[in-house]
Amino acid sequence: MHMPSQGERGVRHFEEELAQLKTRLLEMGGLAEEEVRLAIKALVDSDQALVDRVLAGDDPVNALHIEIDNRAFTLLALYQPMAADLRAIVAAVKINTDLERVGDLAVNIAEAARRYATHPPVKRLIDIPRMATIAQSMLRDALDAFVRRDTILAQRVLDEDDVLDDLKTQIFRELITYMLQDPGTIEPALDLILISRHLERIGDHATNIAEDVIFMVSAKDVRHHAGEGTEPGRR
């Protein structure tokens with residue numbers, strides 16, 4: 001009967017720890033995504049109790065953020081991994097930061113929703129919930145791509161970002177029209193513009209994650225897109 005050597009045990013332990021790191025990242029992603037969903041629901045339903053729930057929900061996200069970083073740094077220190085494994089851990093650290101920022105943006109949305117609820121509604125909310133659905137879907141797909149090492153799915157996330165940007169521009173133009181017609185709508189309309197910007201930023205973080213997946217799998221840095229002249233990543 002073959003007894004595993006110390007080296008084999010070390011490899012198995014490393015793989016188990018790496019799998020656990022990915023599991024915790026998925027949990028963090030689930031929490032952040034739920035925070036965004038609740039924040040938008042609080043806006044649409046004018047639900048102050050939900051706003052409070054989102055604000056309280058930021059603590060578990062922050063705690064996981066610290067735990068995941070600690071796990072990643074421990075793996076780097078103990079095993080000094082090479083090549084693909086090293087890229088996976090570095091990607092996990094960067095993704096962790098993006099997810100923590102998504103949680104912060106959900107809090108920003110909830111705070112804007114609280115302010116918005118103190119005014120008469122500017123308009124029926126259609127495009128902002130649509131933006132939220134797309135941003136959440138991008139986040140989910142980017143994390144799935146990370147776990148499955150799926151560069152095709154990661155690329156799909158990058159392509160979706162244009163849809164979010166177009167919606168944000170559309171919302172901005174429409175709300176400017178309302179503000180010009182009725183100065184009384186300026187304050188609440190500005191909050192809706194802010195919320196659309198926060199949702200666009202959530203899409204940016206999903207894009208960052210997708211770019212990290214492509215780098216992790218293929219060692220190809222796609223942060224500088226040809227012809228654009230700017231770096232969209234890590235915004």
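Fourteen salt bridges, given here as 14, are present in the structure, which is a predicted model. One of these salt bridges joins the side chains of D212 and K94, with an N to O distance of 3.2 Å. D212 belongs to helix α6 (residues 186-218) and K94 to helix α3, so the pair ties together parts of the protein that lie 118 residues apart in sequence.

The two helices linked by this pair also pack against each other. The axes of α3 and α6 are 9 Å apart and lie at an angle of about 170°. Angles over 145 degrees count as roughly antiparallel, and α3 is therefore roughly antiparallel to α6. Sorted by class, the residues of the contact of α3 with α6 comprise 20 nonpolar, four polar and eight charged.

Helix α3 (residues 83-116) packs in addition with helix α4 (residues 127-148); the two axes come within 12 Å and cross at roughly 165°. Because of this angle, α3 is roughly antiparallel to α4. The crossing in which α3 passes α4 is left-handed. On the α3 side, the contact is made by A88, A91, A92, I95, L99 and V102. On the α4 side, L139, L143 and F146 take part. The residues of this contact are nine nonpolar, with no polar and no charged residues among them. The contact of α3 with α6, by comparison, does include charged residues, eight by count, and four polar ones.

A further set of side-chain contacts centres on R24, a residue of helix α1 (residues 6-45). The side chain of R24 makes a polar contact of 2.4 Å with the side chain of E27. A second polar contact, of 2.6 Å, joins the side chains of R24 and E67. When neighbours within four places in sequence are set aside, the residues in contact with R24 are L64, E67, I68 and R71. E67 thus appears both in this list and as a polar partner of the R24 side chain.

As for the overall architecture, the secondary structure of the protein chain consists of six helices and zero strands. Read from the N terminus, the order of elements is α-α-α-α-α-α. Taken along the principal axes, the C-alpha atoms of the chain fill a box of roughly 80 × 45 × 25 Å.

Terms used: Residues numbered from 1 in each chain as written. Predicted model: local features only at pLDDT ≥ 70, side-chain atom pairs only at ≥ 80, totals over all residues. Heavy atoms only, no water. Axes fitted to C-alpha atoms, helices over the stretch in contact; angles between N-to-C directions. Helix = DSSP H or I, 4+ residues; strand = E, 2+ residues; numbered from the N terminus. Parallel < 35°, antiparallel > 145°, perpendicular 65-115°, else oblique. Left-handed = near helix turned anticlockwise from the far one by under 90°. Contact = heavy atoms within 4.5 Å. Nonpolar A, V, L, I, M, F, W, Y, C, P; charged D, E, K, R; others polar. Polar contact = N/O pair within 3.5 Å; in protein donor to acceptor, adjacent residues only side chain to side chain. Salt bridge = Lys/Arg side-chain N within 4 Å of Asp/Glu carboxyl O.
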